[in-house]
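User: I'm new to this one and keep tripping over the terms. Can we go through it together, with the reason behind each label?

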Amino acid sequence: MSESALPLPLEGIRVLELGMVIVLPLAISPLAALGADVVKVESGSRPDQSRSGPQPENQPRADGFNLGGNFQTMNRGKRGITIDLTNPRGRELLLRLVAVSDVVAENFTSRVLHNMGLTYDRLREVNPRIILLSSNGFGHSGPWQDYKSYGPNIESVDGLMLLTGYLDGPPQRAGSGGLGVTYPDVAGANFGTFAVLAALERRERTGEGTWLDLSHYEAGVATIAEGILDYTMNGRVPPRTGNRHPSRAPQGVYPCDGLDRWIAISVHDDARFAALAGVLNLPWLATDARFRSLPDRRRNHDELDRLIADSTRACRADVLERALQHAGIEATMVQNSKDIFLDPQLKHRGFFQPVPPHHSAPEVGARPHPRAGWKMSLSAPAVKGRAPDFGEHTDEVLREYLSLGAEEIQQLEADGVIARTPRDGMVSREPIDAKESVASGRFLEVDADYRERLAEQFRE
Amino acid sequence: MSVWQRDGLRVIELGSGISAAFGARLLADFGADVIKVERPGRGDESRRAGPFPGDIPHPEKSGLFLYLNFGKRSVTLDVESVSGAALLAELLSDADVLIENLGAGALDKLPLPSGAINSRLIVCSISPYGQDGPKSAYVGSELSAYASGGLMYITGEAEREPLKQALSQASHHSGVNAASAVLAASFLQRRAGHGQRIDISDQETMAMTIFPALSTYAYTGGVMRRGKGTVPRLISSMPMPTKDGWIMPSYAGLGTWWDSFAGFMGMPEATGEEFSTAGRRREQAVRIDDMFGAAFKERPTSELFHQGQEWGLTLTALQSVGDVAESEHLVQRGFFVEQEHPVAGSVKMPGLVPKTPYLDRTPDRPAPLLGQHNAEVFAELGLGAEDIKALAGAEVI
């Protein structure tokens with residue numbers, strides 16, 4: 001097959017997504033980009049809450065539940081249908097879809113999954129090759145299986161939060177600034193994507209489906225094994241280490257010229273330390289007895305930090321980054337969300353991809369959204385289209401998958417199994433209080449020219 | 001005869017540290033046959049990283065190495081030498097996947113014979129900034145990924161420097177993404193016989209974790225930053241001190257169940273009109289911090305956690321690694337496994353994620369000793385005992 005005619009890797013794979021908010025939609029998002037037909041299932045009383053925001057130009061509008069920025073990142077390229085799973089006829093309809101699908105992904109708690117009768121055993125009865133991804137905080141067994149959690153809860157139970165913080169301060173939640181981002185949701189989603197792909201690959205070899213009982217708590221712990229092993233091997237609970245590193249010094253984040261500008265520097269040997277001292281115009285540092293070896297620098301790290309900061313304070317972060325990198329030193333300007341859009345490296349690599357404009361809101365235009373976390377030379381994850389409107393593809397999918405006719409679909413609507421709009425008030429579309437956000441320090445600024453800036457940066 | 005022993009993907013891992021090793025480990029968990037190629041004498045950097053039992057460094061006892069490498073085999077090979085690279089090419093000739101983190105462009109500089117990267121091979125490269133672009137030659141580490149990816153800017157306190165998360169999240173998650181991308185490429189390989197290049201950047205791995213901050217800028221122009229001390233804690237889902245530790249009130253859940261939350265905390269005065277909507281609670285945020293902050297301090301963490309959950313509330317303890325290692329919930333789910341290692345002994349560590357009825361969470365083989373499988377693997381490539389001895393003498397293996 002010629003390379004240009006190659007299909008996307010997951011073409012022909014059907015995924016039913018019964019989940020909402022962040023982790024599950026985000027886990028499934030790369031599968032759509034890789035060619036799978038992803039069908040997102042919502043209902044009038046359970047629309048995806050992440051449809052809310054942020055609203056284009058911070059202007060809430062009646063159809064805003066189709067336009068939220070986060071929703072677009074997580075759901076572009078999927079199709080959207082509605083089925084009320086609290087209705088027995090809805091569950092029956094879902095099982096008919098399961099029979100002709102490859103993957104079902106859900107994020108219910110254990111209790112809800114059982115109450116709805118959508119366990120792996122039940123799904124396997126209608127489709128022996130089905131792969132079920134159950135993605136939730138604590139998993140489907142064990143004493144905490146019905147515990148409820150959002151992202152911040154996962155970071156607190158998995159041990160990461162108690163380890164994160166300044167040397168002399170309280171534990172800190174990653175990404176708690178601004179309006180907050182939830183790091184563990186993305187972390188859990190990465191594992192979810194992997195789990196589904198691993199199960200699909202295994203099915204190709206063995207013919208067997210499987211159940212993937214993914215607990216975000218466990219996924220979190222799986223990435224901090226160094227800390228866990230310090231306890232299981234030595235009975236030690238490691239302290240918070242701020243920005244420092246056990247075998248590097250100096251390592252820290254230092255102030256630069258400008259409002260809230262910083263540079264992160266990490267040095268792992270004496271030669272780099274001498275080079276750093278040279279670039280910072282502090283050549284005597286390299287021969288000062290307090291800083292001669294790595295253990296010396298670790299011991300006198302506070303003093304060293306003060307000296308480095310005194311020097312970096314007058315420098316522009318981007319200029320210093322270039323100068324230090326030129327000298328072979330790990331140095332990185334601390335970027336905010338605006339910097340990331342304007343970063344020439346990310347632009348070069350096509351990290352942002354435009355999601356096509358919405359048919360009913362062409363004025364929103366094509367906005368840049370981050371792509372899946374990798375580049376592939378032949379199977380570049382593609383943006384197949386924007387995120388689905390609420391229930392946009394209900395008729396289409398039911399026709400295509402189950403050959404249902406117009407009358408049957410009308411009956412489903414009359415029976416309340418499918419819905420055309422989310423029930424009133426089910427998706428909040430409150431604007432961000434931009435003024436308060438700047439005043440309280442949640443926002444550095446509200447950039448009045450962001451649209452022009454993005455248009456300029458991503459012009460073809 | 002074949003060098004391969006399992007029926008899953010045949011993977012050569014080349015590199016050092018966490019990212020490539022963790023990605024290959026996840027593939028091994030699901031049945032891939034992974035041969036880890038290490039530097040003769042020195043081996044993988046993570047062999048020196050620890051933690052070590054009793055804090056005594058030993059290349060076969062590093063907890064991090066044991067965790068990242070169970071289920072694999074190890075050969076030593078100086079891939080920068082011509083004869084070492086030739087042996088690597090032999091290994092690649094019927095492998096499905098090469099996963100590496102040598103640094104941007106480093107793979108192409110190895111003295112591999114032409115055609116060694118054949119068109120069927122999936123090559124997955126992980127590096128700090130990616131294989132191309134103006135910053136691809138920059139040196140980077142965990143710290144740079146948080147800084148360049150934007151998570152650091154919104155972590156910590158406004159009055160202080162941006163803060164890195166603990167340990168090595170970027171490397172681990174680049175590894176997870178590598179495993180996903182390799183598996184995706186394997187479908188095309190199976191169907192059409194084509195391999196391809198996969199390119200993963202730690203910067204992008206971390207930038208994805210702040211996607212709500214990115215869409216906030218792209219849709220409103222707002223640039224999120226670290227919170228000032230004056231930003232209300234409870235409605236920002238910040239950890240709150242308790243009588244004996246810390247509790248995490250996830251406001252996304254508590255806001256929906258506000259009256260129930262106030263009831264659980266014994267605070268009927270917080271259910272009045274002025275607290276009845278999200279907007280009103282935001283106006284009362286400072287009072288809420290004072291009222292609930294004081295109430296949290298009167299109760300122990302475990303009581304708030306478990307009783308709160310019984311009330312259906314999204315309250316969880318900030319657990320230490322010790323609490324996690326002793327977690328009855330995880331023990332009952334068989335999450336922790338004992339790795340029986342010939343040198344390090346029996347070591348308790350996290351096992352396979354996710355839990356699935358088809359796979360044992362305990363690894364079928366422990367992490368390999370440095371070059372443990374040289375004889376076995378190189379013999380399969382047709383080398384005799386004398387050849388292997390000569391290569392060892394020349395420090396190629």
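User: Which strands of chain A make up an open sheet of three strands, and in what order?

Analyst: A quick word beforehand: this is a predicted model. The strands are β7, β8 and β9 of chain A, in that order, with antiparallel pairing. β7 and β9 (330-333) of chain A are the edge strands, each pairing on one side only. From one strand to the next, the twist averages 20 degrees.

User: How do you know that β7(A) and β8(A) pair?

Analyst: Two strands need at least two bridges to count as paired. β7(A) and β8 (residues 262-266) of chain A have five bridges, in the antiparallel sense, so they pass that test. For one of the contacts, look at Pro255(A), whose bridge partner in β8(A) is Trp262(A).

User: Which helix packs on that sheet?

Analyst: Helix α5 (residues 142-149), and this one belongs to chain B. Helix α5 touches β7, β8 and β9 of chain A, and its direction makes about 15 degrees with that of β9(A).

User: What makes the link between Arg226(B) and Asp260(A) a salt bridge?

Analyst: The cut-off is 4 Å from a side-chain nitrogen of Lys or Arg to a carboxyl oxygen of Asp or Glu. The side chains of Arg226(B) and Asp260(A) come to 2.8 Å, N to O, so the label fits. Side chains of opposite charge can pair when their charged atoms come close.

User: Why is the pair Asp213(A) and Arg333(B) called a salt bridge too?

Analyst: Their N to O distance is 2.9 Å, which is within the 4 Å limit, so that label holds as well. This pair crosses between chains: Asp213(A) is in strand β6 (residues 210-215) of chain A, while Arg333(B) sits in the loop between α15 (328-332) and β11 (336-341) of chain B.

User: How many salt bridges are there between chain B and chain A, and how many over all chains?

Analyst: Between chain B and chain A the count is 18. Over all chains, the structure holds 75. If you look at polar contacts, chain B and chain A share 84 residue pairs, counting those with both residues at pLDDT 80 or more. Helix α6 (residues 169-192) of chain B gives the largest share of chain B's side of the contact, with 17 residues. By class, that side has 76 nonpolar, 53 polar and 24 charged residues.

User: How much area do chain B and chain A bury between them?

Analyst: About 14,300 Å², with 63% of it on carbon and sulfur atoms. Tyr217(B), Tyr219(B) and Val321(B) supply 6% of the area that chain B buries against chain A, more than any other three residues. The contact takes 153 residues from chain B and 167 residues from chain A.

User: What makes β12(A) and β6(B) a pair, given that they come from two chains?

Analyst: The bridges again. Two of them join β12 (residues 375-376) of chain A to β6 (residues 197-201) of chain B, and at least two is what pairing takes, so they count as paired. They run antiparallel, and Lys375(A) has Asp199(B) as its bridge partner in β6(B).

User: Where does β12(A) stand in the seven-strand sheet, and why is one side of it left without a neighbour?

Analyst: The order is β12(A)-β6(B)-β5(B)-β4(B)-β1(B)-β2(B)-β3(B), an open sheet with mixed pairing. β12 of chain A and β3 (73-76) of chain B stand at the edges with a single partner strand each, so one side of each lacks a neighbour in the sheet. Further in, four bridges join β1 (residues 10-14) and β4 (residues 97-100) of chain B, which run parallel. There, Ile12(B) has Leu98(B) as its bridge partner.

User: What is the omega of the bond between Val353(B) and Pro354(B), and what is that bond called?

Analyst: Omega is about 0 degrees, and the bond is a cis peptide bond. Pro354(B) lies in the loop between β12 (345-350) and α16 (374-380) of chain B. Another cis peptide bond joins Ala249(A) and Pro250(A), also with omega about 0 degrees. Most residues other than glycine have a negative phi, and most peptide bonds are trans.

Definitions and conventions:
Residues numbered from 1 in each chain as written. Chains lettered and ligands numbered in written order. Predicted model: local features only at pLDDT ≥ 70, side-chain atom pairs only at ≥ 80, totals over all residues. Heavy atoms only, no water. Contact = heavy atoms within 4.5 Å. Buried area = accessible area lost by both parts, 1.4 Å probe. Polar contact = N/O pair within 3.5 Å; in protein donor to acceptor, adjacent residues only side chain to side chain. Nonpolar A, V, L, I, M, F, W, Y, C, P; charged D, E, K, R; others polar. Axes fitted to C-alpha atoms, helices over the stretch in contact; angles between N-to-C directions.
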